[in-house]
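Biologist: Please take me through this model, beginning with the way its chains meet.

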Amino acid sequence: MESLLDMTGGLLLVAGAAFLLLGGLGLWRMPDLFNRIQAGAKTTTLGTILILAGTAFLHPEWGFKLLLIGLFLLFTNPLSSQVLARAAHRRGIETSPKTSVDLLADSLSEQDMPEKLPSEKTLSDKGIEEKS
Amino acid sequence: MVETLIAFAALLTGIAFLFALLRFIKGPSTFDRVIAFDVLTVVSITFIVLSALIEERGIYLDVALVYALLSFLGVIAIARYLEGRF
């Protein structure tokens with residue numbers, strides 16, 4: 001007969017893995033880059049933290065290291081996804097046709113920020129022209 | 001029972017890894033590959049934690065921590081490079 005602690009830990013592990021699976025599925029199925037960033041970053045943060053919590057239930061003596069990894073992921077995962085999304089926006093990556101609101105572009109035009117950097121496509125076009 | 005749950009969690013994580021790997025291969029833009037790489041590293045961290053559970057070795061958690069640190073730095077560096085300013 002296994003203790004309640006072990007069963008709770010195992011169920012938390014499966015729940016976290018299910019969130020990771022949903023994140024991977026969203027990464028594969030979502031229509032454009034920004035949706036993929038949302039699907040990838042949020043679900044993997046929650047899924048990983050659930051798996052770390054489940055591991056802490058199974059092995060309470062590892063608690064401190066697991067807490068450290070969890071806190072680190074909690075800080076860095078949103079940061080990296082935000083930096084990626086901003087870089088993609090500055091590069092002028094196309095959004096899905098269903099997207100109707102672009103608040104970042106609106107606030108950038110209000111603040112009179114510098115123009116967007118040329119997108120990858122125009123950069124490669126220029127390269128071809130220079131060569132020819 | 002707990003071993004079965006751990007194996008099931010590892011199976012689900014492996015399927016998630018496969019989906020992220022498909023997106024990494026397909027692209028189509030560089031940013032898609034970078035976000036797929038980000039997800040792949042986070043999924044790998046959970047793989048390391050699960051293998052620490054299966055092998056009953058706490059030292060693997062140190063590996064997971066260093067791996068998280070380095071993958072975060074890698075993603076930030078690539079994103080800043082693609083953004084065009086350092």
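Biologist: How much area do chain A and chain B bury between them?

Modeller: The model is a predicted one, and every value that follows is computed from it. In contact across the interface are 48 residues of chain A and 53 residues of chain B. Carbon and sulfur atoms account for 78% of the area that the two chains bury, and the total is about 4400 Å².

Biologist: How many salt bridges does the rule find across the interface of chain A and chain B?

Modeller: The rule requires a side-chain nitrogen of Lys or Arg within 4 Å of a carboxyl oxygen of Asp or Glu. Lys65(A) and Asp62(B) satisfy it, with N and O at 3.4 Å. The search of the whole structure, over all chains, gives five salt bridges. Across the interface of chain A and chain B, the number is four.

Biologist: How many residue pairs are in polar contact across that interface, and which helix of chain A gives the most residues to the side that touches chain B?

Modeller: With both residues at pLDDT 80 or more, seven pairs are in polar contact across the interface. On the side of chain A that touches chain B, H1 (4-29), H2 (33-58) and H3 (63-90) each supply at least two residues. The greatest contribution, 16 residues, comes from H3(A).

Biologist: How do the residues on that side of chain A divide into nonpolar, polar and charged?

Modeller: Gly is counted among the polar residues in this division. The side of chain A that touches chain B then has eight charged residues, ten polar and 30 nonpolar.

Biologist: Which pattern does chain A follow along its sequence?

Modeller: Chain A contains zero strands and five helices. Of its 132 residues, 36% count as buried. Among its contacts between residues at least 6 apart in sequence, 73% join residues at least 24 apart. Read along the sequence, the pattern of chain A is α-α-α-α-α.

Biologist: How far apart are the end C-alpha atoms of H2 of chain B, and what span should its residues give?

Modeller: Helix H2 of chain B covers residues 30-55, and 19 of its 26 residues are buried. At 1.5 Å a residue, the helix should span 38 Å, which agrees with the distance between its end C-alpha atoms, 37 Å.

Biologist: Which residue follows H2(B), and is its phi positive or negative?

Modeller: The phi of the residue that follows H2(B) is near 60 degrees. That value is positive, and the residue is Glu56(B).

Biologist: Where do the two partners of the salt bridge between Asp32(B) and Arg36(A) lie, and are they buried or exposed?

Modeller: The closest N and O atoms of Asp32(B) and Arg36(A) are 2.3 Å apart. Asp32(B) belongs to helix H2 of chain B and Arg36(A) to helix H2 of chain A, so the pair joins two chains. Both Asp32(B) and Arg36(A) are buried.

Biologist: Which residues are linked with Glu83(B) in a network of salt bridges?

Modeller: Side chains of opposite charge can pair when their charged atoms come close. Glu83(B) pairs with Arg86(A), the closest N and O atoms being 3.2 Å apart, and with Arg80(B), at 3.7 Å from N to O. Arg80(B) and Glu83(B) are three residues apart in helix H3 of chain B, so about one helical turn separates them. The residues linked with Glu83(B) in the network are Arg80(B), Arg86(A) and Arg90(A).

Biologist: Is Glu83(B) buried or exposed?

Modeller: Of its partners, Arg86(A) is partly exposed at 26% relative accessible area, and Arg80(B) is partly exposed at 25%. Glu83(B) has a relative accessible area of 0%, which is under the 20% cut-off, so the residue is buried.

Biologist: Which residues of chain B does Ala87(A) touch?

Modeller: Ala87(A) lies in helix H3 of chain A. Because its relative accessible area is 0%, Ala87(A) is buried. Leaving aside residues up to four places away in sequence, Ala87(A) touches Phe31(B), Ala79(B) and Glu83(B).

Biologist: Which backbone oxygen lies 2.7 Å from a polar atom of the side chain of Arg91(A)?

Modeller: Arg91(A) is placed in the loop between H3 and H4 (103-110) of chain A. Its relative accessibility is 13%, so Arg91(A) counts as buried. The backbone oxygen at 2.7 Å from its side chain belongs to Leu82(B).

Methods. Residues numbered from 1 in each chain as written. Chains lettered and ligands numbered in written order. Predicted model: local features only at pLDDT ≥ 70, side-chain atom pairs only at ≥ 80, totals over all residues. Heavy atoms only, no water. Contact = heavy atoms within 4.5 Å. Buried area = accessible area lost by both parts, 1.4 Å probe. Polar contact = N/O pair within 3.5 Å; in protein donor to acceptor, adjacent residues only side chain to side chain. Helix = DSSP H or I, 4+ residues; strand = E, 2+ residues; numbered from the N terminus. Expected span 1.5 Å × (residues − 1). Buried < 20%, exposed > 50% of the residue type's maximum accessible area, 1.4 Å probe, protein only.
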